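Let's take a walk through a protein model together, one spot at a time. Keep the picture open beside you and look up each residue as it comes along.

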2 protein chains.
Amino acid sequence: MELDDAIRGRRSIRRYAQKPVEESLVREILELGRHAPSSMNGQPWIFTVVRDQATKRELSDLKNQYCPVEKQDFRADFIQAAPVIVVVCVDLEVSHDRAIENGVLAAASIMLAAHARGLGTVYMSAYRQDEPAVSAAIQRLLGLPPRIAPISILPMGYPDEAPGAKAMKPLDGIVFDDRFEHG
Amino acid sequence: MELDDAIRGRRSIRRYAQKPVEESLVREILELGRHAPSSMNGQPWIFTVVRDQATKRELSDLKNQYCPVEKQDFRADFIQAAPVIVVVCVDLEVSHDRAIENGVLAAASIMLAAHARGLGTVYMSAYRQDEPAVSAAIQRLLGLPPRIAPISILPMGYPDEAPGAKAMKPLDGIVFDDRFEHG
């Protein structure tokens, strides 16, 4: 798939067909994910591929339990029905104080690579700055030592929904030359 | 360009040819950048396209001044020679506590879209969690109010270097099924 089409066509997918996702496809996608840039070329990524149903349920419960009030309408239950959940983590020892950036840059490539292969994903966070219990619980669940920080949760599966085009803010209102000119 | 080729072929570029970058190309790239996912579909992005030489010099000076000790070998002077610097910012009022994620997800698409058009970029941060003076100085420089947070600095230009392939960690050492298995 052309890059531009992948970027324009990717949508957040929260309903998945009950069709298995081939292991080789997941590997291909993660192989691409690790080509992302990383601070000081630390390549700090650890990708945990969750297929175990009990683990999916625990992740879903954790997301619901620690969901901020304003996002309560977005329950995480749907991730239990995803054939695969990729948890993107980074090794803090080689993250050079840019743990979030390193994780998110890989997550971005993973979401595009998945879309180009007909798979749907949605970006979800695996931590809360104001609530360290979230990271700690995910670390316990996935057997991650304290130095491996979970950053993103990416449920992945063949889409069982086809969201329409997204209404976008006008480009003129978000691009500025040299200086921001709004009040 | 094919998505996979864009992801694999993109490298961090810090030397730029003295060839102007067409305004229309920059617009195309930013148009793609805003197709990134954002928390609660807030689309919080503000892209500031810096071509003014004094502003580039100031950005470079700020990056050097606030560079962490371990990264001192990477001086920011080179960004003064970039034909364009895109500063990716987010409006905190519609970022839903995910300012960094929102900014970085757009930055990732921008870097890939630039690469697919023959342009080189490199990811640089526009803030330091432990040093609010960085954001504040960039906000003053670009006329950004406090609610618009600078996240990424992306110098952009036709490459005047061709870095070789990057040595990568083995995939088997970074992908795990269900649980992380290392000590």
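Start with Arg51(B), which has 30% relative accessibility and so counts as partly exposed, since that label covers values from 20% to 50%. Keep in mind that this is a predicted model. Which residue does the side chain of Arg51(B) meet in a salt bridge? The partner is Glu23(B), with 3.2 Å from N to O. The two belong to distant parts of the chain, 28 residues apart: Glu23(B) is in helix α2 (residues 23–33) of chain B, while Arg51(B) is in the loop between β1 (45–50) and α3 (53–65) of chain B. Glu23(B) is partly exposed as well, at 34% relative accessibility.

What lets side chains like these team up? Side chains of opposite charge can pair when their charged atoms come close. Over all chains, the count comes to 22 salt bridges.

Another of these pairs is Arg8(B) with Glu31(A), whose side chains meet at 3.0 Å, N to O. Arg8(B) sits in helix α1 (residues 3–9) of chain B and Glu31(A) in helix α2 (residues 23–33) of chain A, so this salt bridge joins two chains. Are the partners buried or partly exposed? Glu31(A) is buried, with a relative accessible area of 16%, whereas Arg8(B) is partly exposed at 40%.

Now look at Arg128(B) and Asp130(B), whose side chains form a salt bridge of 3.0 Å, N to O. Arg128(B) is partly exposed, with a relative accessible area of 22%, but Asp130(B) counts as exposed at 55%. Elsewhere, salt bridges that share partners tie Asp4(A), Glu28(B) and Arg117(B) into one network.

Next stop: a helix that is mostly covered. Helix α5 (residues 133–142) of chain B has seven buried residues out of ten. Which ones are they? The buried residues of α5(B) are Val134(B), Ser135(B), Ala137(B), Ile138(B), Gln139(B), Leu141(B) and Leu142(B). As you scan those numbers, a bit of helix geometry is handy: an α-helix has 3.6 residues a turn, so residues three or four places apart point the same way. And what does the covering? It includes β1, α3, β2 (84–91) and β5 (148–157) of chain B. Right after α5(B) comes Gly143(B), whose phi is positive, near 70°.

Let's go back to where the chains meet. Helix α4 (residues 99–116) of chain A packs against helix α4 (residues 99–116) of chain B, with the axes 9 Å apart and an angle of about 55° between them. That angle is why α4(A) and α4(B) are called oblique to each other. The crossing of α4(A) past α4(B) is right-handed. On the α4(A) side, the contact is made by Ile100(A), Glu101(A), Val104(A), Leu105(A), Ala108(A), Met111(A) and Leu112(A). On the α4(B) side, it is made by Ile100(B), Glu101(B), Val104(B), Leu105(B), Ala108(B), Met111(B) and Leu112(B).

Loops have something to show you too. Find Ser39(A) in the loop between α2 and β1 (45–50) of chain A. Is Ser39(A) buried or exposed? It is buried, with a relative accessible area of 15%. Setting aside neighbours within four places in sequence, Ser39(A) is in contact with Ser95(A), His96(A), Arg98(A), Asn102(A) and, from chain B, Lys71(B).

Over in chain B, His35(B) lies in the loop between α2 and β1, and at 13% relative accessibility it counts as buried. What is it in contact with, beyond neighbours within four places in sequence? The answer is Ile7(A), Arg8(A), Arg10(A), Lys166(A) and Met168(A).

Finish at Met1(A), in the segment before α1 (3–9) of chain A. Met1(A) is partly exposed, at 37% relative accessibility. Leaving out neighbours within four places in sequence, Met1(A) touches Ala6(A), His115(A) and Ala116(A), plus Met1(B), Glu2(B) and Leu3(B) from chain B. Now compare sequence with space: Met1(A) and Tyr158(A) are 157 residues apart along the chain, and their C-alpha atoms are separated by 16 Å.

How confident is the predictor in all this? Chain A has a mean pLDDT of 96, and 99% of its residues reach 70 or more. The model scores ipTM 0.97 and pTM 0.98.

Conventions. Residues numbered from 1 in each chain as written. Chains lettered and ligands numbered in written order. Predicted model: local features only at pLDDT ≥ 70, side-chain atom pairs only at ≥ 80, totals over all residues. Heavy atoms only, no water. pLDDT = per-residue confidence, 0-100. Salt bridge = Lys/Arg side-chain N within 4 Å of Asp/Glu carboxyl O. Helix = DSSP H or I, 4+ residues; strand = E, 2+ residues; numbered from the N terminus. Buried < 20%, exposed > 50% of the residue type's maximum accessible area, 1.4 Å probe, protein only. Contact = heavy atoms within 4.5 Å. Axes fitted to C-alpha atoms, helices over the stretch in contact; angles between N-to-C directions. Parallel < 35°, antiparallel > 145°, perpendicular 65-115°, else oblique. Left-handed = near helix turned anticlockwise from the far one by under 90°.
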